[in-house]
Structure formats: structure tokens, C-alpha cells
Number of protein chains: 2
Amino acid sequence: MKFHHQTLSNGLQIVAECNPDALSAALGFFVRAGARDETPEISGVSHFLEHMAFKGTDKRTAEDVNREFDEIGAKYNAYTAVDQTVYHAAVLPEYLPRAMDLLAGLIRPTLRVDDFDVEKQVILEEIAMYADLPSWTAYECAMRRQFADHGIGNSVLGTVDSVGALTADAMRAYHTDRYGANNIFVAATGKIDWHQLVDLIEEHCADWSAGASERGCDRTHRRDSDEIICTDAYVQESIVLVSDAPAADAPLRMASELLASIIGDDSGSRFHWALEEPGRVDSVEFAYYAYEDVGAFLTSIGCQPDLAEENLDIIKAIFREVAERGVEPEEIDQAKHRLGARIVLAAERPQNRLQSLADHWTYRQRYASVEEDLALLEAVTIEQTKELLDRYSLSNHLAVWLGPLKGDATASAPSLS
Amino acid sequence: MKFHHQTLSNGLQIVAECNPDALSAALGFFVRAGARDETPEISGVSHFLEHMAFKGTDKRTAEDVNREFDEIGAKYNAYTAVDQTVYHAAVLPEYLPRAMDLLAGLIRPTLRVDDFDVEKQVILEEIAMYADLPSWTAYECAMRRQFADHGIGNSVLGTVDSVGALTADAMRAYHTDRYGANNIFVAATGKIDWHQLVDLIEEHCADWSAGASERGCDRTHRRDSDEIICTDAYVQESIVLVSDAPAADAPLRMASELLASIIGDDSGSRFHWALEEPGRVDSVEFAYYAYEDVGAFLTSIGCQPDLAEENLDIIKAIFREVAERGVEPEEIDQAKHRLGARIVLAAERPQNRLQSLADHWTYRQRYASVEEDLALLEAVTIEQTKELLDRYSLSNHLAVWLGPLKGDATASAPSLS
């Protein structure tokens, strides 16, 4: 494994982890553009633009894009997050040049007005579909209230109003601003010839201009009050709790990952034994979300309304217990085994290494090998988890309720209607 | 990569593909026991037994099993098919001994009566859940009618009656019969020390007795007539077509895989362009199923009832067209790229190689490297696809309809009620 890094004169960065023994190559364009960069008027434009990227260029129709990716057997996709938009593909090494040609085309799409109008309907349907998912609706509401004056609280999909009113010109302006060469890095992993990679990127991207691309980073944020959304649309109650957590560049990052696994992992965690195993919930999750300037611990449960208050008491008791007595050494060991195995098992595929390489580059502007990641994990101490729990109180959380329960947000919990 | 093979004196076989460069090890117990080995009275016992395997041994409770797999960060699971039951785990190489201990324990469970009674309810709920899935119900019905007098038509889940009436003693008798050492092989891939592997298996499995284990293989089968299940339970119509296909050991196997991709792949296939892309169906699939003695091509679609007959006409026209004019050379090339990329991308993880290694061993009693698989794929000719289509007519199919449409099976198609 060898790491390389270079910046073109237009500001576009290239990072690669070359593994001569790999059987495939993975390639991704990471654009520093997402919901957090949107004003309310253009809310959802990043995600809409990601869809439009597949509609083709001057030399390719949408059908050509699909067919050509298919011809080289590429496993390809794209996604839009609150802080970045990513286009990626995994291919056999001999198809790297064609994959690069296709991916670079996605980043510089034609944005035809006809396609724009048709795709808008697809996006509006997607918004309607997600609005039907209670866990998603509760999550979006919780993030919006936790990060009330911060871009991380923005919705990735946008609203029916904002997307409905969006024009192709507004999207073009956003593209010019945010898709500048200096706001993009290309990452590659697996069987990569570094010099060939740089030549290919020069060929396709050297004439891309830079953009405005400023992003206001803010390590503080205001939190709104709890919210109870009472609706008969769902039989089950969805509850989301959010509290502050370290940002992605914080020294306590790995301790946060470990704590999330101890409290909320699928198997063997505190939530698993207290809530999932006795069948008290349909679903329960405890996750650590980290961004460049802020972070959050998120608890999500779905359960029968008449068990909701009791379940919340169980969760609060677990939060109090880890705050007062800390976590057990055996829990730390077990979570280290679990996360260590995941890091290693994921590292076997270039397409997974791509994500890890890009995460380090996005949030910490550095490279870390699998061995370094494992060493970081191994180095977490019980004292660090204590420090983490002292500085980021899980009990100091926002709560959002969605479902049949009604009540006012000042009471300890809503009641069954 | 180095392949090894050995048979213990009790008949248990061991196969391994050792890759010193891999980061993990994958391990699986492949038991030649499945729905096809069941009489109607014990229908569902293989799948029920697979659940019971996780309930523990004399030295471990069910909770111990979960906790111990979790302690070593194992990614583990099990599944029951119509012709085999598989227990597998992927771990870091240093945990291979503990994973072996745990997996071997699954194959020799205690089968406590208390656990049996509790788990029976879980299975009955699973049967009810699957009965609510129209695509599953139509699939099971189609397989039952296609293989009317053949074990491949048996249901993996069994029925509420058969599972409800099952006794722990009947399960024990089935276990003694089918889980004999001579009916099992252990496969391992990734970072494996062959001698350590054999020693571990000797330690845990050498005292296992052989079982009865005979299985009647039959290369012929009787097909029942079409069936139309008219029900208001679903808004959409589900249709499954089944026709004969080569068995898993047939020379035309790879040509069958290729044909399935040309006709029905997710992207770029005939069905994709004719049915999916114009939005005529909710879902469409064309798959090749291969077993040791028989095979089947399966078409499944879900669509609005008023489009069902037209969609079926489109499908029949595609079947006629490939029968009369064959497939295009470009289609073959594209499908080869697609399948080749999948073979290579899958080969990067020991846990995926395990499946490929075991498939070759189960159905062809031989080892094939990734390179051999790719060479086999590359060697498929347009003449072979022609021979395949001549010998296995897609137009000579069974049809099962499930949904609002009613009619009699002798008419060309049901009509809207």
C-alpha cells in the first residue's frame, strides 16, 4: 500500500492508496457541496443536482451514461449528504480510463431544461416517499432543532416548495459556485497506477475553473426546544434524542465511536440487552455523527406508544449509569474487537477503502492506513470514555416524538391520546 | 492461493483456499440437508433446526453463543435452502480457533424442549410474514407446480400445520439422519493455515458419527398445470413463469448464467429496456436456478393488473425473439463484462470466496480459482447460447398468477374482475 497526493494548478486535489495486489480499482469524486451550503430558497438543490449529473453531457445522453457504465461492468453510484456530494465507481483495473471519463462527465453535466423538468417530478416523489417514513421524519426534525442556526440542520431532500420553485438557472449558479475544481478531490484505491491516474485526471479536469466555494464553519450552534408531533398516520411512536458530540477532527473521535458501539450496537450493547432482546422496541439505534465543525449522538427508537415512556426511562437510566459509573473494561474490549473486525473486513475491498480514505481526507486532511486506524482504536482508554461522557452529557438532550402520543413539550413525556 | 482437500475417517470433508495475503478468514459448515430431504409430515424441519442450532449446547446457553461470537467480532449467520443448510462466519485470522469451536457447536446443538416450544412460535410468525409477501407466495407456488413430484418443489419454511405438529423427537431423528459427518463439508477461505485448520476440525468433529444421509437424485420431474390465485388482498398482480434449465453440473451452466443476464439483469438487459425503463412494472426479474439434478429459469414480475396481459405479451415476444434469432454478439460481450466484474469484485473478500468455493464443491465436487471462473465465462460462445435456447425452450413454461385478476388456467390469461 502506498499513499500519494497531488494538487492540480486549478486547486483540484488527488489522493490515492495504491495496492498492487488488489483485483479492482475504486474511484470517487468528492465534492464539498451539500445541504449545509444551501439557503432556504434553494433547499434540496445539491441532491437534485446529483440526480441531474446522470442526465448526460454534450457528448452523452442519459441512456449513454447508463449503457457505458454497464459496458465496463462498473459498480457505480452517487449520494448527497449534508456536507458533501459523492460520485463513485468500482471497476476492473483495465477500465479505469473509461470510468474516469464517465465520472468526470457526471461532474460537468449539461443540465438540459427538459431533463430538469422531468427529474423535478422524480425528486418530488422521493420527498413524498420519505415523508411517509416516520423514522426519517423524526430524524430530520430532530436534526433541524438540534442545529437550529447551523447548516448541519438543513434537509438534504429540501421541501416540496423549495424544489418545486427551483429553476435550472439557480441550479447552474449553484453548480458554478460549489463544483469548482478547488472544491473537489478525487480519491482512488486498489490497483491504481499513480502516474496513469494523474494523467487521466489532468486530461479530464485540468481545464475546470475554480469556484467561490467558501463555507462558513461554526463550532457552536443553538438548540430549539423539544417537539411532539401528534399524528394518527402511524400506529407506532418514533422518538429521537440528540445530544452534542465531538466533531470529526476531535481527539475524542475514536472514543465516541467506541461509546456508540457499547451503548447501541446491533448485538451485545446496552440498548440491545435492555430494549431489543426483551422485545420492548421495533427498532433502536444509537449512533455517532461527526462533521468538520460539530458532532451529535443520536438515539432513535420505534415502539408501541404504551411502552414509549417506560422505554425512555430505561434509556435515561442507561445514560445516567454510564455518566456516573463509566463503562466496564470488558465492554471496551468487546467493542474494540467488534470495530476492529469491521475495519479489517471492510479494508479488503478497494470500494470500502475509498470511503475510509475520503473520510480521513475530508475531515482531517490526512491519510491513515488500516494499521493506523486499528492502532487509534486500540489506544482508546477507559479514561478517555470518562472524559467524553463528562464533556458531552448524553442526558442533556433534545427530544422529538412522532406518533399517536400527544402532550406538551414541557411535560416529562407525552401521554396516550 | 492454494487449494487443499482432505476427508476425515468419519466422512467429513474439508476444503480450503488459503490466501496468505488476506486480512480475514471465512469458515462455513455446509450440511447436505434441506427442504428437498423432508417428507410432507416434517416439512420445514431443516429451517426450524437451523434456528435451534443457535439455542446452545451442553456447555453454552443461547446467550453465550451470541456473546461469544460478538466477543471475537465475528460476522456470522446461517441459512436454509431447498438443498443445503449453511452456517458461516468471517473473523480476524487470530480468532479462527474460537470461531471453529462456536460453529462446530451449532452443528451439534442440545435441542432443549423448552427452547423448541418457544422457537416454534418464532417460526410460525415467520411463515405468516412470508405468506403476506405476494412475490414469495407466487414463487413458492410456481416451484411447487414446476417440480410437482420432485423435492426441489418443497417449501423451505413448511406450513403452519407441519411446523405446528412437529415434535422435538422428530427433529432429533432428522438431525441424526441428515447431520452425519459424511453429509457435511467444512470450507475455509482467506488467511488460513491449512494444518491448523485440519487440527481444529479433528479436535471438534472427529468423534461425530456418520448418518443415513441418502438423497434420491432425479433428473426428471413432472409439471402441474398453470394456476391463477385470485385474491383481493393485493392491489398489484404478481406473475411467475418457470421453464426447465440445465442442472448445476451441466456444460451449459455458464451459458445459462450469461443468458439470464442478457434477458433479465438489473440494467442493460432486454427486460430492463422493455419493461422496467418505460415504467411498465414495479419489479421484474429473470433468474437461473441450478441444483445438482435439475435447473429452472424463473421470470417474476409485479405490475398493475390492467398492464399484466400486455406485459406478458412483451415477455413472450422476447422469448420468441431470442429463440428464433438468438442473442446479439454485443449483448454477450456486455454480459461477460458485467458478470466478469462481479466475479472479480466478489473475489476480494474471503467471505464471498467461501460461497464460490462451496458452490463448486457442492455441485461439481471440484475446485475452481477466480481465473478458471473467468476463463469459463470468457469461453461461452454464441453457438452455446443457441444450443441452450434450442434445448431449453423459454416459451414452454408454467405460469402462476397471484392478485386481483381472475380467470381459468386454460385461457391465454386471466381477466380483470
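In this predicted model, the side chains of A:Glu17 and A:Arg353 form a salt bridge, with 2.9 Å from N to O. Four salt bridges are found across the interface of domain 1 of chain A and domain 2 of chain A. Across that interface there are also 13 residue pairs in polar contact, both residues being at pLDDT 80 or more.

On the side of domain 1 of chain A that touches domain 2 of chain A, the elements giving two or more residues are the strands β1 (2-7), β2 (13-18), β3 (25-31), β6 (75-80), β7 (85-91) and β8 (184-190), together with the helix α5 (134-146), of chain A. The most comes from α5(A), which gives ten residues to this side. By class, this side of domain 1 of chain A holds 23 nonpolar, twelve polar and seven charged residues.

The two domains are assigned as follows.

| Domain of chain A | Residues | Residues in contact with the other domain |
|---|---|---|
| Domain 1 | 2-205 | 42 residues |
| Domain 2 | 227-403 | 31 residues |

Taken over C-alpha atoms, the centres of domain 1 and domain 2 of chain A are 27 Å apart. Between them, an area of about 3,000 Å² is buried, and carbon and sulfur atoms give 65% of it. Of the area that domain 1 of chain A buries against domain 2 of chain A, 17% is supplied by A:Phe3, A:Glu17 and A:Gln146, more than by any other three residues. A:Glu17 is thus named twice: in this group of three and in the salt bridge with A:Arg353.

Note on methods:
Residues numbered from 1 in each chain as written. Chains lettered and ligands numbered in written order. Predicted model: local features only at pLDDT ≥ 70, side-chain atom pairs only at ≥ 80, totals over all residues. Heavy atoms only, no water. Domains from an automatic or database assignment. Contact = heavy atoms within 4.5 Å. Buried area = accessible area lost by both parts, 1.4 Å probe. Polar contact = N/O pair within 3.5 Å; in protein donor to acceptor, adjacent residues only side chain to side chain. Helix = DSSP H or I, 4+ residues; strand = E, 2+ residues; numbered from the N terminus. Nonpolar A, V, L, I, M, F, W, Y, C, P; charged D, E, K, R; others polar.
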